[in-house]
Every structure is written in C-alpha cells, then in structure tokens.
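Let's take a walk through this structure together. Have the sequence and the 3D view ready, and turn the view as we go.

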Amino acid sequence: MFKNKTVWIIIAIVAILFFWVKGVYNDMVIKNEEVSKAWSQVENQYQRRMDLIPNLVNTVKGYASHERETLESVVKARSEATKTTIDPTNLTAESLKEFQSAQGELGAALSRLMVVLERYPDLKANQNFSELQAQLEGTENRIATERKRFNEVAQSYNTYIRQFPNNLLSGTFGFQPKAYFSAEAGAEKAPKVEF
C-alpha cells in the first residue's frame with residue numbers, strides 16, 4: 001500500500017515538472033518569436049526608407065546637380081546600409097551596433113541633404129520633392145516607433161528568460177538575451193545646423 005502511494009506521488013511530481021517545463025519553454029518560444037516579429041517590423045521601415053532614397057536623389061538631381069558630393073554621400077551611405085543585415089535569431093549587441101551604425105550614417109547623410117536643400121526654394125516648391133520629403137519624415141517617425149516597440153518586446157523577453165526559475169531553463173534550452181537599440185554616440189547633443 002505504501003509503495004503504491006509513493007509511485008503515485010513520484011508520477012504526480014514528474015507530471016507537474018513536465019507541464020511546468022513545457023509551459024515555460026513554450027512561453028520562451030512565443031516571446032522569442034515576438035522579438036523576431038518586432039525586428040522584422042524595424043527592418044521593414046528601414047527598407048521603406050531605402051526605397052524612397054533613389055526617388056529623392058533623382059528628384060534633387062534635376063534641381064541641385066552641383067550638390068553632387070552630398071548626393072553621392074547619400075547614395076554611398078544607402079549602399080553601405082543595405083550590406084549590413086542581422087539574422088533575427090542572432091541579435092547580439094555587436095551585430096545590432098554594426099547595423100545601427102550603418103543606418104546612422106545613412107540618416108546623417110540624409111540630414112545633410114535636407115540642410116543643403118534648404119538653399120533651393122524652387123525644389124521645396126516641387127510637388128514630387130515635397131511628397132518624398134513628407135514620406136521620408138513619416139518613415140523616420142515609423143522607424144523610431146518600431147525601434148521603441150522592438151526594445152519593449154526585447155525587454156519583456158529578456159526579463160522573462162532571466163527570472164528565477166525560468167533562467168534555469170533558458171540556459172539549458174539555449175535562449176539568449178537580445179540586444180537593444182540605444183542612442184548613438186553624440187545623440188545627446190543637438191545637431192548644429194548652419195545655412
């Protein structure tokens with residue numbers, strides 16, 4: 001009689017452990033997929049920006065062809081930014097920093113282009129340019145929103161896998177913390193705009 005109770009207690013403990021491990025593992029998978037989905041949205045917005053740049057550059061060429069150096073820097077920065085990609089399953093601080101750096105250089109080149117364009121009132125009056133500029137500004141806002149959402153989802157995931165006792169299972173199953181977007185060096189200073 002006593003052995004029969006012991007067997008049932010052991011079976012119950014094993015069943016409870018199994019369902020607990022299964023539940024925690026599945027939650028980690030779901031949260032990891034949410035991070036990948038959020039990262040895809042970030043990439044989607046960066047791609048939208050990449051797609052707008054050739055149209056913007058071509059529109060500007062007609063008005064400000066002597067600003068060749070600025071236009072070439074935008075095209076070059078776009079080319080470099082498209083070379084830098086990240087596998088969502090390997091969102092390390094180093095890979096995210098490299099990606100962010102390439103995108104930051106493109107953003108800086110676009111900012112320089114916008115400053116140069118302030119010198120051309122005819123261009124600002126051009127309907128195509130105005131629409132492209134508005135789309136680009138909207139895209140920059142979308143990028144900021146998606147980066148913020150990515151950081152929130154990554155924080156939720158990182159917190160979950162680091163909490164006790166989940167941390168015992170996350171290491172066992174290979175769930176690693178995800179990196180965050182952070183401000184670029186010098187972002188705390190306001191940009192100096194000169195005309």
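We'll start with E140, which is partly exposed, with a relative accessible area of 29%. What you are looking at is a predicted model, so let's see which partner the model gives this residue. The side chain of E140 meets that of R49 in a salt bridge, 3.0 Å from N to O. As background, side chains of opposite charge can pair when their charged atoms come close. Here the pair ties together distant parts of the chain: R49 sits in helix α1 and E140 in helix α5, 91 residues apart.

Now look at the other end of that pair. Is R49 buried or exposed? With 2% relative accessibility, R49 counts as buried, because the cut-off for buried is under 20%. So the bridge joins a buried arginine to a glutamate that is partly exposed. Leaving out residues up to four places away in sequence, R49 touches Q103, L106, G107, L110, L136, T139, E140 and I143. There is also Q135: its C-alpha atom is 8.6 Å from that of R49, although the two are 86 residues apart along the chain.

One of the residues R49 touches, T139, deserves a stop of its own. T139 lies in helix α5 and is buried, with a relative accessible area of 0%. Measured out along the sequence, T139 and R49 are 90 residues apart, yet their C-alpha atoms are 6.2 Å apart in space. Again setting aside residues up to four places away in sequence, T139 touches Q45, R48, R49 and L52.

How many salt bridges does the structure hold? It holds two. The one we haven't visited joins E152 and K148, with the closest N and O atoms 2.6 Å apart. These two are four residues apart in helix α5, so about one helical turn separates them. That fits a general point about helices: an α-helix has 3.6 residues a turn, so residues three or four places apart point the same way. As for cover, E152 is partly exposed, with a relative accessible area of 40%, while K148 counts as exposed at 52%.

Time to step back and take in the whole chain. Its secondary structure comes to six helices and zero strands, and from the N terminus on the elements run α-α-α-α-α-α. Of the 195 residues, 35% are buried. Among contacts with a separation of 6 or more, 80% are between residues 24 or more positions apart. The accessible surface comes to about 12,400 Å², and 55% of it belongs to carbon and sulfur atoms.

What about the inside? The largest nonpolar core has 22 residues, and those with the most contacts inside it are M28, W39, L96, F150 and F181. The elements giving two or more residues to this core are α1, α3 (93-117) and α5 (127-162). Apart from it lies another core, of 18 residues, including L56, V60, A81 and L132. Back in the largest core, try zooming in on F181. Not counting residues up to four places away in sequence, F181 touches W39, V42, Y46, L96, F99, Q100, R147, F150 and N151.

Next, follow the chain out of α5. In the loop between α5 and α6 you'll find P165, and a cis peptide bond joins F164 to P165, with omega about 0°. For comparison, most residues other than glycine have a negative phi, and most peptide bonds are trans.

Then comes helix α6, residues 166-173, where N166, L169 and S170 are buried. Seen down the helix axis, the buried residues of α6 fall within an arc of 105°, so they line one face of the helix. On the other side of α6, L168 and T172 are exposed. Just after the helix, G174 takes a positive phi of about 80°.

Let's finish on the surface. Which residues make the nonpolar patch of about 380 Å²? They are I9, I13, L17 and W20. L17 is found in helix α1, which covers residues 2-63, and at 48% relative accessibility L17 counts as partly exposed. The helix that carries L17 also holds R49, the buried partner in the bridge where we began.

Note on methods
Residues numbered from 1 in each chain as written. Predicted model: local features only at pLDDT ≥ 70, side-chain atom pairs only at ≥ 80, totals over all residues. Heavy atoms only, no water. Patch = residues over 30% accessible without salt bridge, like charges linked within 9 Å, V, L, I, M, F, W, Y side chains within 5 Å. Areas by Shrake-Rupley, 256 points an atom, 1.4 Å probe, with all protein chains shown as cover. Salt bridge = Lys/Arg side-chain N within 4 Å of Asp/Glu carboxyl O. Buried < 20%, exposed > 50% of the residue type's maximum accessible area, 1.4 Å probe, protein only. Arc of directions from axis to C-beta. Contact = heavy atoms within 4.5 Å. Core = buried A, V, L, I, M, F, W, Y, C linked by side-chain atoms within 4.5 Å.
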